Every structure is written in structure tokens, then in C-alpha cells.
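Biologist: I should like to understand how the terms used for a protein model are justified. May we go through them one at a time?

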Amino acid sequence: MLEIASKMRTLCFPPRCVNCRTEIGQSKIRQNQYRGKHATSLHQHERLTSLLESHWCDRCFPNLVHQDLATCWTCGAQLNQQSPLGIRCALCFKKNFRFTRAISLGNYQGQLQQLVIRMKNQHDEPLTIQLGNLLANQLIDSELFENIDLITAVPTHWWRRLKRGFQAAEMIAETIAHEVDRQFRPEILKCQRSTKKQGTLASTARQKNVQNAFSVNRSTSLQGANVLLIDDVMTSGATVNEISRILLRSGVEKVYVGVIARGARVS
Ligand SMILES: [Zn+2]
Ligand SMILES: [Zn+2]
């Protein structure tokens, strides 16, 4: 009965690409439904790829997957050319971040930049979830998820939460936790004071802006845990670096970072 209802819904409201709204071919959806029934026996990657193909069209999906580009191992930035500094970009070479490694879908430019702006400005929940699925796919590809015990998100001050309602980082983190089968723990971090938007500040002011702005919930034991910290965009890395500092001080073993886009100009 549920299957008939689902087929009727697909006929009346054919699924469209979350980016360009192009209708997604019926043959692909039928194939995905078939695969879905056997999801437990398939590799997570295949299941997630199938899920992504039913939400992004053939034109938009390849634009969001740039596996051929050189990527900074530490901060996840895509490099224009092979870096003379090896697997670290110029920023990471100078900065010495406290987190172990960050991954992103790509640099904050072109189609990815437009998608992030739409996600944040229009509070587009279906798009946010599909961007989260893309990042989950990246985590599986990099085999990084095998090291992770729990997933959390960069917290927002209660006043901004009340004003905005929509929390992109939290929604992305929850989507990833579901896909890679790890605990989603938004309660472990708290934003203690309102901070200015990092994008509006010069790089030296960004570190000061977030210094001691966050706290770790003391009622939770994080001893020895490996944490994946999610944000929508990472620019100078000051916010995720500050949160990594307090998580490590609270007994966390390693912090990994996942962002939709990497905003710094790197080479
Ligand atoms: Zn599309
Ligand atoms: Zn880097």
C-alpha cells in the first residue's frame, strides 16, 4: 500500500534536482528504489551515491564532485596547482591548526557558493539535507568516518537561534550522523556570548571575536572521544580552531572538521 502511494506521489510530483529544479529521470528513480530495498547488504557509499543521484540531476551532480583536484590535507581547501608545500596549503603551513584534519565539498566559489548562499538566506531545508548527504559521501570516500565517535555542530547564540530559527550547521551534522551511523550530540557545545559575523571581520579580529565565546557541557564525558565538528563554511578557521581548543582541553582525543565550503584564498 505504501509502495503504491509512493509511486502515485512520484507520478504526480516527479522529483526535481535540488539545485536547478530539472525533473529527474524515472528510470533512475526506479533503479534507486530497487537499490533501496537491499540497502542493508550494500556498501554505505553505494547507498549514499544512489540517494544523491535521486536528488541532483546529471548536470549539477558532477559539478559538486571534484576528486581530481589537489586538496590540502589539513584544511580541505582545493588548491589551484600542486602546492610547493606538499599536502599543506600556505595558510596551514603558517597556522598550525588544533584540529587534526578538515574536509569540505570544495572552495567557496561558483556553484557551491551560490548553493551555500541559498541554503543560508532562504533557509532551504531540502537543499541543506542534500549538501549534508554530499559531505557524508565525502567522509565515507576519505574513510575519515571510521575514526569518528560522535558528531556535533558549531553552536549559535540563543538570541540568534531565536531570531533565525534555522540552524544550517546543526541540520548538516544531523544528516551526516544519520548517514554514517554515529551519535549526533548538539548539546556538548554552547555559545556563551553573541559574536560578530566572522565574514565581516579582518583576519586578525576573527580570532579575538571567538576567543572564549564557546564552552563545553561539563556534564558530558568526552574523555578519549574523536569528534567531528560541523560548520557551513570555514574561512580563516578561527571558529573551528577555538572550539577544537576547548574540546581537546575537555579530554577529546582528536577533532575533525567538516564544512560545506572552504572560504579562504589558498594556493
Ligand atoms: Zn540540477
Ligand atoms: Zn590548508
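Modeller: Let us begin with a pair of helices in this predicted model. Helix 10 (residues 203-210) packs with helix 11 (residues 238-249) at an angle of about 35 degrees, and their axes are 9 Å apart. Helix 10 passes helix 11 in a right-handed crossing.

Biologist: What makes the contact between helix 10 and helix 11?

Modeller: From helix 10 come R206, Q207 and V210, which meet A238, T239 and E242 of helix 11. By character, the residues of this contact divide into 2 nonpolar, 2 polar and 2 charged.

Biologist: Why is helix 7 called oblique to helix 9?

Modeller: Helix 7 (residues 125-141) and helix 9 (residues 168-180) pack at an angle of about 50 degrees, and their axes lie 8 Å apart. Angles under 35 degrees count as roughly parallel, and those from 65 to 115 as roughly perpendicular. The angle of about 50 degrees belongs to neither range, and therefore helix 7 is oblique to helix 9. The crossing of helix 7 past helix 9 is right-handed.

Biologist: Which residues make that contact, and how do they divide by character?

Modeller: Helix 7 contributes residues including I129, L135 and L139, and helix 9 contributes residues including M171, I172 and V180. The contact of helix 7 with helix 9 divides into 11 nonpolar, 4 polar and 2 charged residues.

Biologist: How do you know which strands are the edge strands of the sheet?

Modeller: The sheet is open and has 5 strands in the order 1-7-6-2-3, with parallel pairing. Strand 1 (101-104) and strand 3 each pair on one side only, and these are the edge strands.

Biologist: What makes strand 2 a partner of both strand 3 and strand 6?

Modeller: Two strands pair if at least two bridges are found between them. Strand 2 (residues 150-153) is joined to strand 3 (residues 183-184) by 2 bridges, and these strands run parallel. With strand 6 (residues 226-234), strand 2 pairs over 4 bridges, also in the parallel sense. L150 illustrates both pairings: it stands opposite Q183 in strand 3, and its bridge partner in strand 6 is V227.

Biologist: Where do the helices meet this sheet?

Modeller: Helix 11 packs on the sheet and touches strand 6 and strand 7, its direction making about 165 degrees with that of strand 6. Helix 7 lies across strand 1 and strand 7 (254-262), and runs at about 130 degrees to strand 7.

Biologist: Why is G224 called exposed?

Modeller: A residue is exposed if 12 or fewer other C-beta atoms lie within 10 Å of its own. G224 has 10 such atoms within 10 Å, and therefore it is exposed. G224 lies in the loop between strand 5 (214-216) and strand 6.

Biologist: Which residues does G224 touch, if those up to four places away in sequence are not counted?

Modeller: G224 touches G251 and E253. The C-alpha atoms of G224 and G251 are separated by 6.0 Å, although the two residues are 27 residues apart along the chain.

Biologist: What makes the phi angle of N96 worth a remark?

Modeller: Most residues other than glycine have a negative phi. N96 is a residue other than glycine, yet its phi is positive, near 60 degrees. N212 is not a glycine either, and has a positive phi of about 55 degrees.

Biologist: Where do N96 and N212 lie, and are they buried or exposed?

Modeller: N96 is in the loop between helix 5 (90-95) and strand 1, whereas N212 is in the loop between helix 10 and strand 5. The limit for an exposed residue is 12 or fewer C-beta neighbours. N96 has 8 C-beta neighbours inside 10 Å and so counts as exposed. N212 has 11 inside 10 Å and so counts as exposed.

Biologist: How many residues does the protein have, and what percentage of them is buried?

Modeller: The protein has 267 residues, of which buried residues make up 36%. Its secondary structure comes to 11 helices and 7 strands.

Technical notes: Residues numbered from 1 in each chain as written. Chains lettered and ligands numbered in written order. Predicted model: local features only at pLDDT ≥ 70, side-chain atom pairs only at ≥ 80, totals over all residues. Buried ≥ 20, exposed ≤ 12 C-beta atoms within 10 Å, placed from the backbone. Axes fitted to C-alpha atoms, helices over the stretch in contact; angles between N-to-C directions. Parallel < 35°, antiparallel > 145°, perpendicular 65-115°, else oblique. Left-handed = near helix turned anticlockwise from the far one by under 90°. Contact = placed C-beta atoms within 7 Å. Nonpolar A, V, L, I, M, F, W, Y, C, P; charged D, E, K, R; others polar.
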